[in-house]
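The following exercises ask the reader to work through one structure step by step. Each task is followed by its solution.

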Amino acid sequence: MIAFVRGEVAAVTLTSAVLEVGGVGLELMCTPGTLATLRVGRSATLPTSMVVREDSLTIFGFLDDDEKQVFEIAQTASGVGPKVAQAIVAVMSPDDVRRAIMTEDVKALTRVPGIGQKGAQRIILELKDRIGPPTGGHHATSEVKPQEAWRDQVQQGLVGLGWSAKESEKAVEAVAPDAGEMPDVGALMRAALRTLSKA
């Protein structure tokens, strides 16, 4: 229904961003990795998926079309609603999800909050023919960031999720060697979240 939203970022909260489109503020539910790429006052374009329920209309925003596609396919598995589908793309990259399903990696899927052993097995069974192989795609952020800006974004994202500044800093340091020339904020955010969940 609404394929994407382009506008100025009016606000960023722990779980959502508000984009101003033609004088109207649209609230998009986003993953920490997506939120970490947004800056209030800057323009952004986010692919979106609209979920219509009897009592609500919710718009989910994504880093790119690949993430959106995995979010939508995940919901075709029985027992997977938008909340769990969003948790999947928050914890895993689209290709990680495809890989986990193709290789029947139950353990990888159970790392997602809200997915247990049985749920993971059901997702694998129901999505194996639908999800497709890994695409080898790399997340494209809306603009090229200076090499060190990612640290600030990932740390802010983690603090926003409730981790302390000290814990967040430690997680950022842990994933810093993986940053490379063109840091992928979403991937680094997921890696930082994984180090914190192990701690």
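A salt bridge is a side-chain nitrogen of Lys or Arg within 4 Å of a carboxyl oxygen of Asp or Glu. The structure shown is a predicted model.

**Exercise 1. Examine the salt bridge between Arg 98 and Asp 95 and place the pair in the chain.**

Step 1. The closest N and O atoms of Arg 98 and Asp 95 are 2.9 Å apart, and the limit for a salt bridge is 4 Å.

Step 2. Both residues belong to helix H4, and because they are 3 residues apart, about one helical turn separates them. In general, an α-helix has 3.6 residues a turn, so residues three or four places apart point the same way.

Step 3. Arg 98 and Asp 95 are both buried.

**Exercise 2. Determine which parts of the chain are linked by the salt bridge between Lys 128 and Glu 104.**

Step 1. The side chains of Lys 128 and Glu 104 meet at 2.7 Å, N to O.

Step 2. Lys 128 is found in the loop between helix H6 (117-127) and helix H7 (149-160), while Glu 104 is in the loop between H4 and H5, so the bridge ties together parts that are 24 residues apart in sequence.

Step 3. Partly exposed residues have a relative accessible area between 20% and 50%. Lys 128 therefore counts as partly exposed at 27%, and Glu 104 likewise counts as partly exposed at 47%.

Step 4. Salt bridges with shared partners also join Asp 66, Asp 95 and Arg 98 into one network.

Step 5. The backbone of Glu 104 deserves attention too: its phi is near 55°, a positive value in a residue other than glycine. Most residues other than glycine have a negative phi.

**Exercise 3. Decide whether Arg 190 and Glu 67, which form a salt bridge, are buried or exposed.**

Step 1. In this pair the closest N and O atoms are 3.9 Å apart.

Step 2. Arg 190 lies in helix H9 and Glu 67 in helix H2 (residues 65-74); the two are 123 residues apart, and the pair links distant parts of the chain.

Step 3. A residue is buried when its relative accessible area is under 20%. Arg 190 has 5%, so it is buried, and Glu 67 has 1%, so it is buried as well.

**Exercise 4. Identify the helices that line the largest pocket and the second largest cavity.**

Step 1. The largest pocket has a volume of about 410 Å³. Of its 17 lining residues, the closest to its centre are Ala 87, Ala 90, Val 91, Pro 113 and Leu 193.

Step 2. Helix H3 (82-91) and helix H9 (185-198) each supply at least two residues of this lining. The largest share, 5 residues, comes from H3.

Step 3. H3 is mostly covered, with 9 of its 10 residues buried; among them are Ala 87, Ala 90 and Val 91.

Step 4. The second largest cavity has a volume of about 40 Å³. Helix H1 (32-35), H3 and H9 each contribute at least two residues to its lining, and H9 gives the largest share, 4 residues. The lining of this cavity includes Ala 90, Leu 193 and Arg 190.

**Exercise 5. Describe the nonpolar surface patch that contains Met 1.**

Step 1. Met 1, Val 52 and Leu 57 form the patch, with about 400 Å² of accessible area together.

Step 2. Met 1 is located in the segment before strand S1 (4-12). Exposed means over 50% relative accessible area, so Met 1, at 89%, counts as exposed.

Definitions and conventions
Residues are numbered from 1 along each chain as its sequence is written. This is a predicted model: local features need pLDDT of at least 70, side-chain atom pairs count only at pLDDT 80 or more; totals for chains, interfaces and linings use all residues. Side-chain values use heavy atoms; hydrogens and water are left out. Patches are made of residues with over 30% relative accessible area and no salt bridge: like charges are joined within 9 Å, nonpolar side chains (Val, Leu, Ile, Met, Phe, Trp, Tyr) within 5 Å. Accessible areas come from the Shrake-Rupley method with a 1.4 Å probe; for residues, only the protein chains shown count as cover. Buried means under 20% relative accessible area, exposed over 50%, partly exposed in between (1.4 Å probe, protein chains only). On a 1 Å grid over the protein atoms alone, a cavity is a set of points where a 1.4 Å probe fits but cannot get out, and a pocket is an open set with protein on both sides within 12 Å along at least five of seven lines; lining residues have an atom within 4 Å of a point. Grid points are joined across faces, edges and corners, and a volume is the space filled by probe spheres set on the points.
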